[in-house]
Amino acid sequence: MGERLLADERLKLRREFLRVSGGGHKVHSARFLVLVLARGDEAPTRLGITVTRKVANAVGRNRIKRVLREVFRRNRALFPAGCDVVVIAKDRAPGLAYEDTRAEIETASPSLFRAAKRAPRVAADDRRPPVRAAGPRNQATDAPVRGAGVTGERTSDATERRR
């Protein structure tokens, strides 16, 4: 495989970033927060980078992203296979050279592999019970709520008073 960073090796869509942040495991380093989510297949490792305006100006943000992409491109063995990886730059990240960034990722690499082996976390949205299509129900008896508009039921007292 060449050293080229292909389009299918990058996270691009917001929903992909949200999926990793919701179910991935965090690995902290001095200048980066790395989120790792195993996809469970032999697809290539995908990289996503987030650098906020609090970290640096536009030139600094773009430099951080370029250096991180280069570290990923040249050192794929530092990242677990078949995972989505999101790197979030902290406020100490600006001004890092390639070698400093590579050394920091190399230090965090064993933790990345451990995080990739763990089961994915359950996102908060996945813990909610499914919504029933039959209308609102009484939580105590699981029976339909009176006057909720379901046909064949009595109307509520308030509706009867209005008539």
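Over which ring does the charged end of arginine 74 sit? In this predicted model, the answer is tyrosine 98: the charged end of arginine 74 lies over that ring, 5.5 Å from its centre.

Stepping back to the overall layout, the chain contains four helices and four strands. Read from the N terminus, these elements come in the order α-β-β-β-α-β-α-α. The chain has 163 residues, and 32% of them count as buried. As for confidence, the mean pLDDT over the chain is 81, with 72% of the residues scoring at least 70. The elements are not equal in this respect: strand S3 (residues 46–50) has the highest mean pLDDT, at 94, while helix H4 (residues 157–162) has the lowest, at 58.

Next come the aromatic rings. The structure holds one aromatic pair. It is made by phenylalanine 72 and phenylalanine 79, and it counts as edge-to-face because the ring planes meet at 65°, past the 60 degrees that this class requires, with the ring centres 5.0 Å apart. Both partners turn out to be buried. Phenylalanine 72 has a relative accessible area of 1%, and phenylalanine 79 comes in at 6%; buried means under 20%, so each of these values qualifies.

What about empty space inside the model? Searching the whole structure turns up one cavity of 30 Å³ or more. The largest cavity holds about 60 Å³ of space. Its lining is made up of Phe32, Arg63, Ile64, Val67, Leu68, Ala93, Pro94, Gly95, Leu96 and Thr101. Helix H2 (residues 58–74) supplies the largest share of that lining, with four residues. Sorted by class, the lining of the largest cavity breaks down into seven nonpolar residues, two polar ones and one charged one.

Finally, arginine 53 offers a contrasting setting. This residue is found in the loop between S3 and H2. With a relative accessible area of 72%, arginine 53 is exposed, because the cut-off for that label is over 50%. Along the chain, arginine 53 and aspartate 91 are 38 residues apart, and in space their C-alpha atoms are separated by 9.7 Å.

How values were computed: Residues are numbered from 1 along each chain as its sequence is written. This is a predicted model: local features need pLDDT of at least 70, side-chain atom pairs count only at pLDDT 80 or more; totals for chains, interfaces and linings use all residues. Side-chain values use heavy atoms; hydrogens and water are left out. On a 1 Å grid over the protein atoms alone, a cavity is a set of points where a 1.4 Å probe fits but cannot get out, and a pocket is an open set with protein on both sides within 12 Å along at least five of seven lines; lining residues have an atom within 4 Å of a point. Grid points are joined across faces, edges and corners, and a volume is the space filled by probe spheres set on the points. Helices (H or I, at least four residues) and strands (E, at least two) are DSSP runs, numbered from the N terminus. Ala, Val, Leu, Ile, Met, Phe, Trp, Tyr, Cys and Pro count as nonpolar, Asp, Glu, Lys and Arg as charged, and the others, Gly among them, as polar. Rings of Phe, Tyr and Trp (its six-membered ring) pair if their centres lie within 6.5 Å; planes under 30 degrees apart count as stacked, over 60 as edge-to-face and the rest as tilted. Buried means under 20% relative accessible area, exposed over 50%, partly exposed in between (1.4 Å probe, protein chains only). A charge sits over a ring if NZ of Lys or CZ of Arg is within 6 Å of the ring centre and within 35 degrees of the ring normal. pLDDT is the predictor's confidence in each residue, from 0 to 100.
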